[in-house]
Each structure stands twice: as structure tokens, then as C-alpha cells.
Amino acid sequence: MSNRILVTRSSMPELDEYIDEIKELWDSHWLTNMGIKHKELQKKLVEYLGVEHIDLLTNGHMALELTLQAMNLSGEVITTPFTFASTTHAIVRNGLKPVFCDINPIDFTMDLKKLESLINDKTTAIVPVHVYGNICNIEEIQRIANKYELKVIYDAAHTFGETYKGKGIGSFGDASCFSFHATKVFNTIEGGAVCYSNPELGERIYNLKNFGIRGAEIVESVGANAKMNEFQAAMGICNLRHIEEEIQKRKKVSDRYRKHLSNIEGIQLNPINEDVQSNYAYFPVIFDEKVFGFSRNEIAERLEKNGIFTRKYFYPLTNTFDCFHGQYDVNETPVALYISKRVLTLPMYADLSLENVDRICDIILNE
Ligand code: T4K
């Protein structure tokens, strides 16, 4: 069990550091409902992420779902199927119809050559995904959104700490939603956040995350409960202290993988974008069986026999999920289908040793 290497492993502070951080909670008995840890983390994240406003929520999914709800959207929302279930579910659970745009085969984000043809008079928003931390073509998305007066809500679950042309990634579009799940570059155990610039949108999201309560005797609107609690926020405060080291360690892992796997026929790696300061969230590899000689599934099985557990993020595509049976035509997103059948995300976390990266690559290339 202890020798197994999983696709990722949560980064955690030293136990003593966390205990120090939560000691105050034993004195105050204030465990949730926007307490001191929540406020402190919120303030620190505005600075670190370089955004105007941020609100903290129970998880990344609720950040997405409530942000869409707060925008009072109707009709159709254009998104991609090459993502985690959350993106599509957030749209559907708001009573909106997801319209799937294909991805481009280079960085797996929305293919903007195909976007405009999907817009009609029912379209109200675009939900692009910065998948694996690969940043979408922000300028072009905004140009199209302005032209058709559409909202842009980025699924920024994978992009914690990234910048694009020196600007915090959460500052683009109408809103950007982060995940702080245990498996992410930055975690609050479970957790998430929405960044936005329009304070009125922020007020609506806040109401949705706290029952619409604005005072002891004031309930302004109908809301849910999606508050980040003090223990989650305390974990975030601790992890934020170590975030630069976390990203640097991941970079070393990524560089080591690249040293072994670059320029191999039949292996496609995630591209490097000079405008983006990366967080090295994932290490996806596309295996072209016809050229490489082995399929993605064969490589995954071979690694598994050696105790190395990869994942096929993101297979199956969300537009092929059983819960949507018969509703969407996967042939409308052929590139996403092609990539999803060939992608394997290799183990990636700060404490993955370089020796283990060597071993993983050796198994892929030589066994
Ligand atoms: N949008 C996108 C594009 C997303 O990728 C996600 C989440 C969301 C939105 C929604 O955000 P959240 O509501 O989740 O905050 C994992 C994560 O649970 C999920 O957060 C993430 N995306 C997705 C890509 O990956 P699973 O089902 O693969 O998780 P699981 O439990 O199989 O864990 C994967 C590996 O992580 C394990 O093999 C070991 C490691 N692990 C897992 C847990 C739970 C840890 O080291 N510690 C842990 O506590 O979804």
C-alpha cells in the first residue's frame, strides 16, 4: 500500500502548523459562518491571486453553480465536454442547456474557430474551461462575448496562482471559479472560490451561499448554504504560506517528465505558453497508438502492474455520460472524443520524487 503511487497526493502543512492555526477556534468556539479564518484567507487570496473580489465557498462546484445562478441566465450556455463532471452539471442544475463546443488538439481548451457558429438568440453565456491550467484564448473569447453580449464564466478550477501576461487569472471574464479540493495545487480540504469584479454579482453570490441572510432579522432572498468553514479556511491559510514551494516542486517534477518524454514519436505533451506562469497542476500525455506502438489503456495497465495509478482525466467526455443518454451528439466534438480516448494523466504532486518520475518514464518507454 505504502509503495503505491497515486495520480496525486494532497499537500498538507506540518501537523503542528495546522494545530497552531486552529487553536483560536477552541477558544472562540466560532467554527463557521464567515469567522476570522474565513476573513483572513479571503483577504490573503485577493492579494495573492491579484483579483478585485473573491468569495469563498464549500467547494469549486458550488462556486460554479451559484455563480451561474446569480447571473439569472436562461436558455443555452456554450461549454466544452472535455472537463470534470462539475462544469456540465453546474449548467444543467441551473436549468440551462449546455451546448458543447469542440476543443483544440493542442491545449485542449475551447476551439474558438467553432464557437461563433454555436451562438444563437438563446445563448446567454460561455463557460470555457482552463483545462489542466492551460489558459483559454481570453482575448478572443472576450471579443466574441462582447459582440453577442454574452456572460463569460471561466471554470478556473485548475489554475490556482496562474497569471496570464502578468495578470491574475481570476481577473478575466465576468467571473472565474477555482477549486480548492484536496487534489488541487492549493487546497482547503474541500473548498472553492469565485473571483469577480462586479460587486452586485458578489452580493448575489453571497446571498446564495448564506440563505440570503443579511442581518439577524433580514432575509433578503432565497439562498442555499455553501459557506467555507473555519477549519477549511485555516487549512488554506497554512497551505498558502507554502504555495511558492509547492509550485516550484511541481515544476521540478514536470521538467523531469519532459526530459524523458519530449520528442518521442507518438507522445504529445501539454504545451508551454510563454504568456502563462504555470502552476503545473497536471501532467497529461496523449498516446497515439499507431505511432507509439501502445495505447493509452495498455500504458495505464502496465503502470498499474507496477503500483502506479494514473487517471484518464477527462474520459469519458461529459456529453457521453449515462445521465445524459441520448441528449447530445458526441460526433459534434470529434477532437475532444479523440483526445479523451488517448489521454493519460501521470502522477503529479509536489512530493513525487524525481527517482519515481524516472521509474514511471522507464516503464512507459522501455518495458
Ligand atoms: N471543474 C473542474 C474542471 C474540475 O476538475 C473540478 C474538480 C471542478 C470543477 C469541481 O471542483 P470541486 O467541487 O471538486 O472543488 C478529483 C477531485 O475530487 C475533483 O476536485 C477534481 N476536479 C477532479 C479532476 O479530480 P476524482 O473523482 O478523480 O477524485 P479521487 O477521489 O479519485 O482522487 C484522485 C486521487 O487524488 C486519488 O487517487 C488520491 C488523491 N487524493 C484524493 C483525495 C480525495 C488525495 O491525495 N487526497 C484526498 O483527500 O476527482
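The paragraphs below lead through a predicted model, taking up in turn an enclosed helix, the salt bridges, two surface patches, two separations in space and some backbone features.

A convenient place to begin is helix α8, which covers residues 230–241. The helix has 12 residues and reaches 17 Å from its first C-alpha to its last, a span close to the 16 Å expected at 1.5 Å a residue. Of these 12 residues, 10 are buried, so α8 is largely enclosed by the rest of the structure. The buried set consists of E230, Q232, A233, A234, M235, G236, I237, C238, N239 and L240, and it thus includes E230, Q232 and N239 as well as residues such as M235, I237 and L240.

From this helix one may turn to the salt bridges, of which the model has 23 by the distance rule applied here. One of them joins the side chains of K209 and D55, with 2.8 Å from N to O. K209 lies in helix α7 (residues 199–209) and D55 in strand β1 (residues 53–57), so this pair ties together parts that are 154 residues apart in sequence. Are the two partners buried or exposed? K209 counts as buried because its relative accessibility is 0%, and D55, at 4%, counts as buried too.

Another salt bridge is formed by the side chains of K249 and E245, at 3.7 Å from N to O. These two residues are four residues apart in helix α9 (residues 243–261) and are therefore separated by about one helical turn. The general geometry of the helix accounts for such a pairing, because an α-helix has 3.6 residues a turn and residues three or four places apart point the same way. Both partners lie partly in the open: K249 counts as partly exposed at 31% relative accessibility, and E245 counts as partly exposed at 45%.

A further pair, K114 and D111, also meets through its side chains in a salt bridge of 3.7 Å, N to O. Here the two partners fall into separate classes, since K114 is partly exposed with a relative accessible area of 30%, whereas D111 is buried with a relative accessible area of 7%. Salt bridges can also join into a larger arrangement, as they do where E17, E21, E24, K37 and R241 are linked in a network.

The surface carries a patch of negative charge in which E289, E298, E301 and E304 gather. Which element supplies the largest share of this patch? Helix α11 (residues 296–305) does, with three residues. E301 has its place in this helix, and with a relative accessible area of 47% it is partly exposed. A patch of another character, nonpolar and about 260 Å² in area, is made by F211, I213 and V219. Of these residues, I213 is found in strand β10 (residues 213–215), and it counts as partly exposed at 34% relative accessibility.

Two pairs of residues give a sense of how separation along the chain relates to separation in space. R204, which is found in helix α7 and counts as partly exposed at 35% relative accessibility, is 83 residues from F287 in sequence and 44 Å from it in space, C-alpha to C-alpha. V291, placed in helix α10 (residues 289–292) and likewise partly exposed, at 45% relative accessibility, is 27 residues along the chain from I264, and the C-alpha atoms of these two residues are separated by 9.7 Å.

The backbone itself deserves a closing look. Most residues other than glycine have a negative phi, and most peptide bonds are trans. Against that background, a cis peptide bond joins Y313 and F314, with omega about 10 degrees, and F314 is found in the loop between α11 and α12. A cis peptide bond also joins Y315 and P316, with omega about -5 degrees, and P316 has its place in the loop between α11 and α12 as well.

Positive phi values occur at F108, near 70 degrees, and at E149, near 55 degrees. F108 is found in the loop between β3 and α5, where it is buried with a relative accessible area of 1%. E149, by contrast, lies in the loop between α6 and β5 and counts as exposed at 73% relative accessibility.

Note on methods
Residues are numbered from 1 along each chain as its sequence is written. This is a predicted model: local features need pLDDT of at least 70, side-chain atom pairs count only at pLDDT 80 or more; totals for chains, interfaces and linings use all residues. Side-chain values use heavy atoms; hydrogens and water are left out. Patches are made of residues with over 30% relative accessible area and no salt bridge: like charges are joined within 9 Å, nonpolar side chains (Val, Leu, Ile, Met, Phe, Trp, Tyr) within 5 Å. Accessible areas come from the Shrake-Rupley method with a 1.4 Å probe; for residues, only the protein chains shown count as cover. A salt bridge is a side-chain nitrogen of Lys or Arg within 4 Å of a carboxyl oxygen of Asp or Glu. Lys and Arg count as positive and Asp and Glu as negative; His and the chain ends are not counted. The place of a charge is taken as NZ of Lys, CZ of Arg, CG of Asp or CD of Glu. Buried means under 20% relative accessible area, exposed over 50%, partly exposed in between (1.4 Å probe, protein chains only). The expected span of a helix is 1.5 Å times one less than its number of residues.
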